[in-house]
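Reader: Could you take me on a close look at one buried spot in this model and then work outward to what surrounds it? I would enjoy a connected tour rather than a list.

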Amino acid sequence: MSRAIAAFALSASLVSAASAQNSAPQPVPIVSNIPEPQDRPLSEPMILSVDATDIDRAIFQVRQVIPVEKGKPLILLYPQWLPGKHGPRGALAEMTGLMIRAGGKTLRWTRDPVQVYAFHVDVPAETSSVDVEFQFTAPVRESEGRINVTPNMMNVQWEQVALYPAGHFTRAIQVKPSITLPEGWTGVAALDGAKITGNRIDYGVTNFETLVDSPMFAGPHYKKWDLGNNVTLNVWADDAKYLAAKPEHIAAHRALVDESLLLFGSKHFDRYEFLLGLTEELGGIGLEHHRSSENTRETDYFIEWEDNMSERGLLPHEFTHSWNGKFRRPDTMWTPDYSTPMRDNLLWVYEGQTSFWDLVLGARSGLQSKEMVMGEWAKYAGFYAEQPGRTWRSVEDTTHDPIFGARKAKPFASHARGEDYYNEGSLIWLDADMTIRTLSKGKKSLDDFAKAFFGVRNADWGVLTYNFDEIVRTLNAVR
């Protein structure tokens, strides 16, 4: 054997021996200690009290009384996966000062190392309830998140100011909420049984799912209009002068309600509250709920009416969601609690078809012109005809974007794509409408699909789920 070959063999044997001695760990199994949610009630309602008077620091003081089930561990959850936000958007980072007590004694809690939105509480035997307090420190700078408290307005989202016990469907957890607002402020939420004492509002007992689905807007500059059919337009503004709506402005909003009920042929709410903030200070939002919606527009919404036609598509969009997204919802997007992940594959129906109907209803109600609506679809068509990202990524795949993209800006956005299931989804449903009209020789349209799919079980404001196969069957039945 030559010296070179011998040296190579020795080197190889040394490397092999060293490799055999390298540390090689094995994974620690991940075991969930959080019980699966069950459709069973708590022994009695939770009590939730929110003090929202500290508008200078934008801090909500939260106090809760939460029943304890004897013989079961107490695990408290902070909402994480939120309907309408299509992803894990729970504001846990803004929760501070968590203290849990029973009988006046402070209890030890530990955060779950896997499900960090869960808190395990050491509860003494025979404890029937615990007293919980914490603060929700709302963002005060845009770099910290959406501003939801200003000197003239606030947007209270109950999931930010409440914990709930694990092991239950949220619809099975009863809760009695109350809130204290700054002096002289008016607050509105689609919750029942409101009793106002000074600047405190006490609501009747509801379930936690309905509570989270019933946010509040509040402020000192407020006006409301009855739109008929138990629908109310509630408007707050940075200054009272921005509330100067003309009769024809309100008539267009009233027509939106009438046209929507005519289109869908049903009503899946007992009452509906449009919550609209006209503001340059509060963070922007458009978020659907079953009996209400959170909306912000600029302060000139009414006073510069002729220049703001494009701004007026938000309310038709969120109102449509009462039917599409809240009453009818993809079966993989309905979850029994706010810890269960959502699967967003059908957002091209949930949001895409809503983006079709908001343009249709915008034109039919007079909130927008037909020319503007046709221009919007032309703009979408031109954009997607040239978008490079469509060569590698389907519109269905963009439905997962809210989960991993977190709605942040992207480099090379036209190639990466984003939440294109909204606007490209609108084009899908425009094509469906044209196909139905062509095949039926003008006798049918997507309106007929809407009545068949959404116009069922009138007055039901629960959730009726669907899957892809049902969409196909209903479309094929429109002849």
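Author: Let's begin with Ser292, which counts as buried because its relative accessible area is 0%, under the 20% cut-off. This is a predicted model, so please read everything here as computed from that prediction. Ser292 sits in strand E24. Setting aside residues up to four places away in sequence, Ser292 touches Ala190, Asp213, Ser214, Pro215, Tyr272 and Glu273. Keep two of these partners in mind: Asp213 will come back with a pocket, and Tyr272 leads us into the sheet.

Strand E24 covers residues 292-297, and it is one member of an open sheet of five strands, ordered E20-E21-E22-E24-E23. The pairing in this sheet is mixed. At the edges are strand E20 (222-226) and strand E23 (286-288), each of which pairs on one side only. From one strand to the next, the twist averages 15 degrees. In the sheet order, E24 stands between E22 and E23. Strand E22 spans 272-278, and Ser292 touches both Tyr272 and Glu273. On the other side, E24 and E23 pair in the antiparallel sense over three bridges. One residue pair to look for there is Gly286 with its bridge partner Asn295 in E24.

Across part of this sheet lies helix H3 (residues 247-264). The strands that H3 lies across are E20, E21 (231-237) and E22, and the helix runs at about 140 degrees to E21.

Between H3 and E22 there is a loop, and Phe269 is found in it. Is Phe269 buried or exposed? Phe269 counts as buried, because its relative accessibility is 2% and the cut-off for burial is under 20%. Leaving aside neighbours within four places in sequence, its contacts are Asn229, Val231, His290, Arg291, Phe319, Ser322, Trp323 and Trp461. Among these, Val231 brings us back to the sheet, since strand E21 covers 231-237. For a sense of distance, Phe269 and Arg171 are 98 residues apart in sequence and 17 Å apart in space, C-alpha to C-alpha.

Now follow the edge strand E23 to the largest pocket, which holds about 1,200 Å³ of space. Its lining counts 38 residues, and Ile285, Gly286, Leu287, Arg407 and Tyr422 lie nearest its centre. Gly286 is the residue we met as the bridge partner of Asn295. The elements giving two or more residues to this lining are E23, helix H4 (314-320), helix H6 (352-365) and helix H7 (370-386). By residue type, the lining divides into 11 nonpolar, 14 polar and 13 charged.

The second largest pocket contains about 420 Å³ of space. Here Asp213 returns: of the 29 lining residues, the closest to the centre are Glu209, Asp213, Lys326, Arg329 and Val463. Asp213 is also one of the residues that Ser292 touches. Helix H2 (residues 208-212) gives the largest share of this lining, three residues. In all, the lining has 10 nonpolar, nine polar and 10 charged residues.

So the tour ties together at two places: Asp213, which touches Ser292 and is among the residues closest to the centre of the second largest pocket, and E23, which pairs with E24 and helps line the largest pocket.

Conventions
Residues are numbered from 1 along each chain as its sequence is written. This is a predicted model: local features need pLDDT of at least 70, side-chain atom pairs count only at pLDDT 80 or more; totals for chains, interfaces and linings use all residues. Side-chain values use heavy atoms; hydrogens and water are left out. Two strands pair if DSSP finds at least two bridges between them. Helices (H or I, at least four residues) and strands (E, at least two) are DSSP runs, numbered from the N terminus. Axes are lines fitted to C-alpha atoms, for helices over the stretch in contact, and angles run from 0 to 180 degrees between N-to-C directions. Contact means heavy atoms within 4.5 Å. On a 1 Å grid over the protein atoms alone, a cavity is a set of points where a 1.4 Å probe fits but cannot get out, and a pocket is an open set with protein on both sides within 12 Å along at least five of seven lines; lining residues have an atom within 4 Å of a point. Grid points are joined across faces, edges and corners, and a volume is the space filled by probe spheres set on the points. Ala, Val, Leu, Ile, Met, Phe, Trp, Tyr, Cys and Pro count as nonpolar, Asp, Glu, Lys and Arg as charged, and the others, Gly among them, as polar. Buried means under 20% relative accessible area, exposed over 50%, partly exposed in between (1.4 Å probe, protein chains only).
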